[in-house]
Amino acid sequence: MSETDFDIIVVGSGCAGAVAAYTAASAGKSVLVVERGNFAGAKNMTGGRIYSHSLKEVFPDFESEAPLERKITHERIALMDPASQMAVDFTSPELAEEGKDSYSVLRAPFDQWLASKAEDAGAEYICGIAVEELIRDESGRVVGVRAGEDEITAQVTVLAEGVNPILSEKCLGNPRPKPSQMAVGVKQVFELPASQIEDRFLVPQGEGASMLFVGDCTHGKVGGGFLYTNKDSISLGLVATISTAMDASNPHPVYQMLEDFKNHPAVAPIIRGAKVVEHSGHMVPEGGYGMIPKYVFDGCLVA
C-alpha cells in the first residue's frame, strides 16, 4: 500500500471514536482523531448511564480514574397519567455486582477522559474542525478525509460521527435513518446537594438511582422520560420520536412536553428547590438492529 499520513483516521471522538483511537494507538498504529467540537464531548449529551461490562474490556480499572458520578443501585419504572403515577421500585446488591454494575455520567467530562486515554496511547487530536468529505483513489477506495482545505490520508478511515451520519450518507451511500427510527432527546441538569439527592431517592451515600417514565410524560406519544442522579445534580429529560415531533397535528411540541413533565405531581417534588444549570438537546437512535447500516467499506469502517 502507498505511504499515507496516518495508519488510521478516526472521525469523531464520542465513545466509539475515542475507544477506536485508543485501541488502534495501543496496537502501535499512527492515529489521528478529527473532532468537530472544540473538545471531545463538547457536542455530546446523554441521559446518561454507562454499563461497565463493555468498558471493562478496554479499561479494566476504569472505576479508579474515570469521571463517574454515582453507581446506580436503585431502579424505578413509572407509568404516568396526567395526574398520577404507578411505579415499580427495585433495589438490590445485585445491581452493584461486577459485570452488572452501571454508573451515571456526564458526557462532557467522560468523553474528555476517553480522549485523554487515546492521547496517552499515542493518538493525535485535531478539534474544532469538521470533516467535509472522504477522499477516494482511482479504484474508489477510501484513502482519507478532507477537512477545510486540508487533505489527510490514511490506510483506514473510521467514521464515528454519531447518530447523525452525514458522511456515511453523503460519501458511502448509506440510507438516512427514517424519522420513525430516530428521536429527539431534551435534558436539563438540576443542581442539588448530594445529601438531598440521597434522601429523596433513599440511596446510601455515594450511590444513585435511575428512573424511567412512560405514558403522560410524552402525552401518550411514542417516547419516554428519564432521570439519573449525579454527584451533586440530577439529569432529567425526555425522548420523543422525531416522526411525532414533526407531526403538525401534535399539539405538544417536545419543549412543552418537558415543561409539563417537570410540573407533573410525581416529578415536581423531586426537583423542588433545585437550580437548572444546563439545558441541551440531541438526536437519539431508536431503530435498534434494523437501522444498522452497511459498516464495512474498502478503506473505511463505520462505528
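# A guided tour of the chain, from surface to core

Start with the whole chain shown as a surface: its accessible area comes to about 14700 Å², and 53% of this belongs to carbon and sulfur atoms. What is on the screen is a predicted model, and every value in this tour is computed from it. Turning the view along the principal axes, you will find that the C-alpha atoms fill a box of roughly 65 × 50 × 30 Å. For a chain of 303 residues a compact globule would have a radius of gyration near 19 Å, and the 21 Å found here agrees with that.

Switch now to a cartoon, in which 7 helices and 17 strands can be traced. Of the 303 residues, 47% count as buried, and among the contacts with a separation of 6 or more, 70% are made by residues 24 or more positions apart.

**First stop: the nonpolar cores**

Select Val10, Val31, Phe62 and Phe110, which touch the most other members of the largest nonpolar core, a set of 27 residues. The elements β1 (6-11), α1 (15-26), β2 (31-35) and α3 (107-120) each supply at least two residues of this core. Centre the view on valine 31 and ask which residues it is in contact with, once neighbours within four places in sequence are left aside. The contacts are Phe6, Ile8, Val10, Ala21, Ala24, Ala25, Ala123 and Glu124. Apart from this core lies another, of 25 residues, and to find it you can select Met80, Met211, Val254 and Ile271, which are among its members.

**Second stop: the aromatic pairs**

Display the aromatic side chains next, since the structure holds 6 aromatic pairs. Zoom in on tyrosine 22 and phenylalanine 59, a tilted pair with 4.6 Å from centre to centre and 50 degrees between the planes. Because tyrosine 22 lies in helix α1 and phenylalanine 59 in the loop between α2 (52-58) and β4 (71-80), this pair ties together parts that are 37 residues apart in sequence. Are these two residues buried or exposed? Tyrosine 22 and phenylalanine 59 are both buried.

Move on to phenylalanine 62 and tyrosine 103, whose ring centres are 5.8 Å apart and whose planes stand at 90 degrees, so that the pair is edge-to-face. Here phenylalanine 62 belongs to the loop between α2 and β4, while tyrosine 103 sits in strand β6 (residues 102-104), and the pair therefore ties together parts that are 41 residues apart in sequence. Phenylalanine 62 and tyrosine 103 are both buried. Before leaving the aromatic residues, select Tyr22, Phe59, Phe110 and Trp113 together, as these form one aromatic cluster.

**Third stop: the cysteines**

How many disulfides does the structure hold? It holds 0. Select cysteine 127, for which the nearest cysteine sulfur, that of cysteine 15, is 15 Å away; cysteine 127 is partly exposed, with a relative accessible area of 36%. Cysteine 171 is likewise in no disulfide, its nearest cysteine sulfur being that of cysteine 300, at 8.8 Å, and with a relative accessible area of 13% cysteine 171 is buried.

**Last stop: proline 253**

Finish at proline 253, which is placed in the loop between α6 (242-246) and α7 (254-262) and which, at 31% relative accessibility, counts as partly exposed. Draw a distance from its C-alpha atom to that of threonine 218: the two residues are 35 residues apart along the chain, and their C-alpha atoms are separated by 9.4 Å.

Key
Residues are numbered from 1 along each chain as its sequence is written. This is a predicted model: local features need pLDDT of at least 70, side-chain atom pairs count only at pLDDT 80 or more; totals for chains, interfaces and linings use all residues. Side-chain values use heavy atoms; hydrogens and water are left out. A nonpolar core is a set of buried Ala, Val, Leu, Ile, Met, Phe, Trp, Tyr and Cys residues joined through side-chain atoms within 4.5 Å. Buried means under 20% relative accessible area, exposed over 50%, partly exposed in between (1.4 Å probe, protein chains only). Helices (H or I, at least four residues) and strands (E, at least two) are DSSP runs, numbered from the N terminus. Contact means heavy atoms within 4.5 Å. Rings of Phe, Tyr and Trp (its six-membered ring) pair if their centres lie within 6.5 Å; planes under 30 degrees apart count as stacked, over 60 as edge-to-face and the rest as tilted. A disulfide is a pair of cysteine sulfur atoms within 2.5 Å. The radius of gyration is taken over C-alpha atoms; the globule rule is 2.2 Å times the number of residues to the power 0.38. Accessible areas come from the Shrake-Rupley method with a 1.4 Å probe; for residues, only the protein chains shown count as cover.
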